[in-house]
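Biologist: Could you take a close look at one part of this model for me, and then carry on outwards to whatever it touches? I'd like one connected account rather than a list.

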Amino acid sequence: MTPEAAVEVRGVGKTWETGVEALRDVTVALPRGRLTTLLGPSGCGKTTLLKIIGGLVRPTAGEVRVAGRTVEGPGPERAFVFQDFALLPWATVLRNVAFGLELRGVPREAREAIARGRIAEVGLAGFEASYPHQLSGGMRQRVGLARALAVEADIILMDEPFSSVDEQTRRQFQEDLLVLLRDRGKTVIFVTHSIEEAVYLSDRVVLLSPRPGSVARVLHPAIERERRSADEIRRDKNYLDAVDEIWQILKQYVR
Amino acid sequence: MRLPAAGSLAVWCVAWELIGRAGLSTIVPPFSRVVTSGLAALATEKFAGAVLVSLRAFALGMALALLAGIPAGVLMARVRGAGRVLGVWVNVFVSAPVSALVPILMAVIGIGEPTVVVTVVLFAVFVIALDTEVGVRQADRSLVEMARAFGARPHQVYTKVLVWSALPEILAGVRLGAIRGVKGVVIGQLLVAIIGVGELFELYSKHFLMEEFWALVIVVFLFAFAVSEAIAALERRVEYYARAR
């Protein structure tokens, strides 16, 4: 049985003003409450697709529907986590995490209370008064994640969130992300170029072809994650099969 | 040999004193006499009145320059047409010898404080606008995108992101503008010649009161330096994120 779609991408195409065609006729349904990765070679338009879903970029063809309504721009039911963190360098961790609520006009006390909760959840308690430049890359991205969680959006869009952090931090962060998202029922759309990351994290992998990007394949790695360590998951047969299957497809695109 | 700044100043003061005492030129009285007659002049009502008039013209002119310059800079950076239309003029005026316009201002606005205020504005506003434009242009685009993603309305993008992001450049512009503004006050008042510090300069040089004259020069220099340092101190407070951007 297919779960209900939180986001429907229908025939989306994007041609930039420069004439470069980034996406062509992308149609895919992203199930509610699941983590879906958009995976593909560099320049396949996966970030563009994510930004179209986020309402930051307008498609030149087709439409994206969220909760049955066509996306015209950003909306409160969608929150973004950026590749370059996009933290306000002049604001403390607390204010950065509360920023989405600040924009919505939530009173200071209320939004800071929520922000403190999220900061603790992502493991940054004690850093509320720090500034972004005082934090490591991994910690900065935790701030970015806390900011996205603070606005209570149903859908979280993550654009290569771990690509600028080192490998150990990245693995720790991936595990923490799964714990944070478990039981929250969030729909997560996650862009990555790492096959392992995609398979490790996601219920569903949407594989995009090179430019102009379109859906090459949708995979459902059936990996049992309950009560299993990260290492056990990484040795799981289904995990390894999925990684290999994706590699076989992607291999044709590389070079 | 490296002397600390204070030491270097002391050496200059001593040199000045010696040249003054040698009586080489009537234009250069000994430094000690400049200080004593300067202090005596500072205490007079005329001096206090002149300083007050000049400070008021400076403050008013700077306030207007900020109110016009910062929005103009933002506009030039964000609106393509405004950038083209205003950009040319701002770039011409920022390097033009604006003092040449003061006589015309006197003819149009009259001989009085408004002319001095307008002179201050003309001296300060263009560099403020130009630096603001640079700051806003350099503002991190991903921060703007982030703000939009979290539902920022257009005015919030300006008030919550762009202006803050451009603050280091804006402050640099304000500092340069303030330094030029001091020049504007002095030049404006010198040309108008009947008010404020300009009147004093005129008075002292006409009557050959060199000790008072030099005392006034030192006061004006110190004021310009103090304003510049105060804004530089503000700049250092935002430096941490200017580098981190």
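Modeller: Sure, let's go with chain B, which reads α-α-α-α-α-α-α-α-α-α-α along its sequence. That makes 11 helices and 0 strands, where helices (H or I, at least four residues) and strands (E, at least two) are DSSP runs numbered from the N terminus. Two bits of bookkeeping before going on. This is a predicted model, where local features need pLDDT of at least 70 and side-chain atom pairs count only at pLDDT 80 or more, while totals for chains, interfaces and linings use all residues. Residues are numbered from 1 along each chain as its sequence is written, with chains lettered from A and ligands numbered from 1 in the order in which they are written.

Taken along the principal axes, the C-alpha atoms of chain B fill a box of roughly 70 × 50 × 30 Å. Of its 245 residues, 37% count as buried (20 or more other C-beta atoms within 10 Å of the residue's own, C-beta atoms being placed from the backbone; 12 or fewer is exposed, in between is partly exposed). Among contacts in chain B with a separation of 6 or more, 75% link residues 24 or more positions apart; a contact means C-beta atoms, placed from the backbone, within 7 Å.

The domain assignment (automatic or from a database) cuts chain B into domain 1, residues 1-43, and domain 2, residues 45-244. Their C-alpha centres are 31 Å apart. Where they meet, domain 1 of chain B puts in 9 residues and domain 2 of chain B puts in 7. On the domain 1 side there are 5 nonpolar, 3 polar and 1 charged residues (nonpolar being Ala, Val, Leu, Ile, Met, Phe, Trp, Tyr, Cys and Pro, charged being Asp, Glu, Lys and Arg, and polar the others, Gly among them).

Helix 2 of chain B (residues 31-42) makes a nice geometry check: at 1.5 Å a residue, its 12 residues should span 16 Å, and the end C-alpha atoms are indeed 16 Å apart (the expected span being 1.5 Å times one less than the number of residues). B:Phe31, B:Val34 and B:Gly38 are its buried residues. Looking down the axis of helix 2 of chain B, they fall within an arc of 50°, so they line one face of the helix (the arc uses directions from the helix axis to the C-beta atoms).

Now the partner. The contact between the chains takes 16 residues from chain B and 18 from chain A. On the chain B side, helix 7 (141-149), helix 8 (154-165) and helix 11 (210-244) each supply at least two residues. Helix 7 of chain B gives the most, with 7 residues. By class, that side of chain B has 10 nonpolar, 3 polar and 3 charged residues.

So what's buried in helix 7 of chain B? B:Leu143, B:Glu145, B:Met146, B:Ala147, B:Arg148 and B:Ala149 are. Their cover comes from both chains, and includes helix 1 (46-54), strand 6 (78-81) and helix 3 (99-103) of chain A as well as helix 8 of chain B. Just past helix 7 of chain B, B:Gly151 takes a positive phi of about 90°.

Crossing into chain A, the assignment gives domain 1 (5-77 + 154-253) and domain 2 (86-152), with C-alpha centres 24 Å apart. Domain 1 of chain A brings 10 residues to their contact and domain 2 of chain A brings 8. Helix 6 of chain A (residues 167-181) provides the largest share of the domain 1 side, 4 residues.

Chain A has strands as well. Strand 3 of chain A (residues 35-39) has 5 of its 5 residues buried, so it is largely enclosed by the rest of the structure. Both faces are covered, with buried A:Leu35, A:Thr37 and A:Leu39 on one side and buried A:Thr36 and A:Leu38 on the other. Strand 3 of chain A runs parallel to strand 8 of chain A (residues 187-192), joined by 5 bridges (pairing takes at least two DSSP bridges), and A:Thr37 stands opposite A:Phe190 there. Strand 9 of chain A (residues 204-208) is also parallel to strand 3 of chain A, with 4 bridges, and A:Leu207 is the bridge partner of A:Leu39.

Finally, chain A has an open antiparallel sheet of 4 strands in the order 2-1-4-5. Strand 2 (21-31) and strand 5 (69-70) of chain A are the edges, each pairing on one side only. Strand 4 of chain A (residues 61-66) meets strand 5 of chain A over 2 bridges, and A:Val66 has A:Arg69 as a bridge partner.

Note on methods. Contact = placed C-beta atoms within 7 Å.
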